[in-house]
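Biologist: Hi! Could you walk me through how the helices pack in this one?
Modeller: Happy to, let me bring it up.

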2 protein chains.
Amino acid sequence: MADNHSLEVLVQALRRLPGVGVKSAQRMAFHLLQHDRQGAQQLARALDHAVTTVKHCALCHTFTEDEVCATCRDPRRDHGQLCVVETPADQAAMERTGAYKGLYFVLMGKLSPLDDVGPRDIGLQKLFDRVAGTVPEEPAVRELILATNFTAEGETTAHLIAQALKGSGVQVTRLARGVPVGSELEYVDLGTIAHALVDRR
Amino acid sequence: MADNHSLEVLVQALRRLPGVGVKSAQRMAFHLLQHDRQGAQQLARALDHAVTTVKHCALCHTFTEDEVCATCRDPRRDHGQLCVVETPADQAAMERTGAYKGLYFVLMGKLSPLDDVGPRDIGLQKLFDRVAGTVPEEPAVRELILATNFTAEGETTAHLIAQALKGSGVQVTRLARGVPVGSELEYVDLGTIAHALVDRR
């Protein structure tokens with residue numbers, strides 16, 4: 001493919017997608033050029049458009065095209081409750097439960113020293129400002145629900161937030177750890193059972 | 001994400017890539033928008049550029065930006081030999097061996113009735129025209145090496161080409177089937193051993 005510079009450039013560009021190696025990138029490039037040139041153009045337009053229009057919500061830091069996202073603008077939601085999640089995908093999972101009617105704060109990441117992600121690389125300062133009440137038109141935050149993932153990084157992030165907000169007067173809670181719905185004890189890992197035992201009610 | 005139309009459009013566009021489902025597409029979109037907006041713009045440009053510049057080689061049907069690709073233009077290659085492969089990736093694999101000095105013909109697909117891919121959807125007619133000598137400036141094809149994959153679809157494609165060229169005076173050969181280099185008989189499948197036995201030399 002020595003004379004095929006733009007195909008080579010396309011393969012390299014596709015490799016920047018997470019989880020895509022050389023073989024997958026080649027397969028994608030061949031597929032688009034051979035079977036779906038319209039899809040390729042559509043993807044190019046969608047990328048351009050998203051890059052120029054999508055920004056972060058001034059209140060909850062999630063992706064939005066507006067200054068403040070639709071969730072944060074919703075007057076029927078409890079603006080005194082803030083659920084802290086790592087990504088918009090986690091937020092979407094919480095929303096699908098239909099069990100939560102407060103607002104969110106999306107960190108857009110998690111503390112991960114191994115990947116060189118420190119407190120300044122995720123939306124922590126914005127969260128602390130929000131809790132401190134520097135957003136005048138919003139009511140004070142009453143409760144902060146830490147819903148970061150139950151992984152080492154997620155737990156660390158939750159721990160740091162809880163520590164930082166100690167004595168701020170805001171109630172900080174964490175999603176309950178326990179046995180998943182529909183599972184049999186025999187197949188649940190020991191750490192989960194131990195947590196479920198300690199937090200029994 | 002009700003107010004996030006362009007993110008939604010981007011996720012849908014990414015799903016057109018082969019092997020990318022909803023979750024992967026979301027992960028890709030979040031990654032690009034959060035960590036690599038430059039990469040997103042680069043990908044958009046690469047897609048646009050490839051779609052407008054990459055076309056099929058007039059001789060071998062592979063992807064190229066020129067009328068005739070560099071391989072087909074190379075005067076040091078044997079223009080009387082034509083190796084028929086399914087995709088540019090297969091061609092690249094053949095090239096890496098360094099064992100072949102003829103030209104190629106890239107079908108850009110394989111016969112696959114289940115996927116609704118018939119003889120007209122791949123470059124078969126162009127191959128037959130080429131073998132029939134309708135390309136005046138090229139020497140006649142002496143030998144056609146069928147190097148389609150050794151799958152059901154690849155074998156069918158090879159069979160159809162061999163049948164169509166019967167009596168055309170062109171020698172049609174197939175890559176040898178046999179035991180892969182470095183493998184132990186105990187772990188080689190029975191079909192391969194049977195073929196290797198029949199084709200012993």
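**Helix packing and symmetry**

Modeller: This is a predicted model. Helix α3 (residues 37-53) of chain A packs with helix α1 (residues 5-14) of chain B at an angle of about 150 degrees, and their axes are 9 Å apart.

Biologist: What does that make α3(A) relative to α1(B)?
Modeller: Roughly antiparallel, because angles over 145 degrees count that way. The crossing of α3(A) past α1(B) is left-handed.

Biologist: Nice. Which residues make the contact?
Modeller: From α3(A) you have A:Q42, A:L43, A:A46, A:L47, A:H49, A:A50 and A:T53. α1(B) brings B:S6, B:V9, B:L10, B:A13 and B:L14.

Biologist: And by class, how many are nonpolar, polar or charged?
Modeller: The contact of α3(A) with α1(B) has eight nonpolar and four polar residues, with no charged ones.

Biologist: Switching to inside chain A: at what angle do α2(A) and α3(A) pack?
Modeller: About 115 degrees, with the axes of helix α2 (residues 22-35) and α3(A) 5 Å apart. A:L32, A:L33 and A:H35 of α2(A) touch A:R37, A:G39 and A:A40 of α3(A). That set divides into three nonpolar, two polar and one charged.

Biologist: Different topic: what turn lays chain B on chain A?
Modeller: A turn of 180 degrees, with a shift of 0.0 Å along the axis and an RMSD of 0.0 Å. The two copies are therefore related as by a two-fold rotation axis.

Biologist: Which C-alpha in chain B is nearest that axis?
Modeller: That of B:A44, 2.0 Å from the axis. Both copies also use the same surface, as 100% of the contact residues of chain B recur in chain A.

Conventions: Residues numbered from 1 in each chain as written. Chains lettered and ligands numbered in written order. Predicted model: local features only at pLDDT ≥ 70, side-chain atom pairs only at ≥ 80, totals over all residues. Heavy atoms only, no water. Least-squares fit on C-alpha atoms with pLDDT ≥ 70 in both. Contact = heavy atoms within 4.5 Å. Axes fitted to C-alpha atoms, helices over the stretch in contact; angles between N-to-C directions. Helix = DSSP H or I, 4+ residues; strand = E, 2+ residues; numbered from the N terminus. Parallel < 35°, antiparallel > 145°, perpendicular 65-115°, else oblique. Left-handed = near helix turned anticlockwise from the far one by under 90°. Nonpolar A, V, L, I, M, F, W, Y, C, P; charged D, E, K, R; others polar.
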